[in-house]
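Welcome! Here are a few exercises for getting to know a new structure. Try each task yourself before you read its solution.

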Amino acid sequence: MNSKAPDQAQPPPKPIPVPSSVSAPFWEALRRRDFVLQRCSGCGAYNHPPKITCPRCHSQRLEWVPVSKTGTVYSYTIVHRPPLPAFKNDVPYAVGLVDIDGTDVRLLSSLVMPPGEVKVGLPVQVMFDDVAPDFTLFRFEKRTAS
Ligand SMILES: [Zn+2]
């Protein structure tokens with residue numbers, strides 16, 4: 001009877017975000033391969049994470065609008081120590097702040113590329129990652145010429 005050594009065992013499942021009533025439209029859009037952000041109809045400001053009132057003008061007239069699926073790496077770091085056991089087979093990996101084209105929004109997510117290829121100013125695009133049958137995350141990958 002063989003038993004696997006602890007370090008060869010499958011890692012536990014990765015955590016999945018739990019949408020709130022406010023953030024649910026963002027996650028539902030990702031599932032449809034749409035990339036949307038919340039924008040205030042009163043002053044035009046983008047809000048991310050989404051809010052129930054605009055932090056700039058206090059309007060509650062907030063809408064979900066499609067935005068560009070491209071952006072630029074503002075900053076990044078390389079994760080060498082897994083934050084949870086679920087990520088032990090993923091390290092090292094890159095995590096970055098990405099400025100979304102056409103908005104003033106800077107999003108944090110993993111950068112799906114070899115860590116040595118990441119650099120500030122790198123053009124990237126949204127990648128849809130179906131992490132569960134009913135849940136999709138966004139990540140960023142190198143922008144392909146279009
Ligand atoms: Zn506003």
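Two residues are in contact if their C-beta atoms, placed from the backbone, lie within 7 Å. Keep that cut-off in mind as you work, and remember that this is a predicted model.

**Exercise 1. The overall picture**

Task: Find which elements the protein has and in what order they run, and what share of its contacts with a separation of 6 or more comes from residues 24 or more positions apart.

Solution:
- Begin with the elements: the secondary structure comes to 1 helix and 8 strands.
- Next, read from the N terminus, which gives the order α-β-β-β-β-β-β-β-β.
- Now take the contacts with a separation of 6 or more: 50% of them are between residues 24 or more positions apart.
- For the dimensions, the C-alpha trace spans about 65 × 35 × 25 Å along its principal axes.
- Finally, 13% of the 146 residues count as buried.

**Exercise 2. Two domains**

Task: Work out where the protein is divided and how many residues of each domain are in contact with the other.

Solution:
- Domain 1 covers residues 20–67, and domain 2 covers 68–146.
- Taken over C-alpha atoms, the centres of domain 1 and domain 2 are separated by 21 Å.
- At the contact between them, 8 residues of domain 1 meet 13 residues of domain 2.
- Sorted by class, the side of domain 1 that touches domain 2 has 5 nonpolar, 1 polar and 2 charged residues.

**Exercise 3. An open sheet**

Task: Explain why β2 and β3 each have one side without a neighbour in the sheet.

Solution:
- Write down the strand order first: 3 strands form an open sheet, β2-β1-β3, with antiparallel pairing.
- β2 (46–47) and β3 (62–66) stand at the edges and each has a single partner strand, so one side of each is left without a neighbour in the sheet.
- Look now at one pairing: strand β1 (residues 36–40) is joined to β2 by 2 bridges.
- For an example of bridge partners, match Q38 with N47 in β2.

**Exercise 4. One valine in a loop**

Task: Decide whether V118 is buried or exposed, and list what V118 touches.

Solution:
- Locate V118 in the loop between β6 (106–111) and β7 (123–132).
- Count its surroundings: a residue is buried if 20 or more other C-beta atoms lie within 10 Å of its own.
- V118 has 20 other C-beta atoms within 10 Å, so V118 is buried.
- Leaving out residues up to four places away in sequence, V118 touches V73, Y76, A94, G96, L111 and M113.
- As a last step, compare chain and space: V118 and T77 are 41 residues apart along the chain, and their C-alpha atoms are separated by 9.1 Å.

How values were computed: Residues numbered from 1 in each chain as written. Predicted model: local features only at pLDDT ≥ 70, side-chain atom pairs only at ≥ 80, totals over all residues. Pairing = 2+ DSSP bridges. Helix = DSSP H or I, 4+ residues; strand = E, 2+ residues; numbered from the N terminus. Buried ≥ 20, exposed ≤ 12 C-beta atoms within 10 Å, placed from the backbone. Domains from an automatic or database assignment. Nonpolar A, V, L, I, M, F, W, Y, C, P; charged D, E, K, R; others polar.
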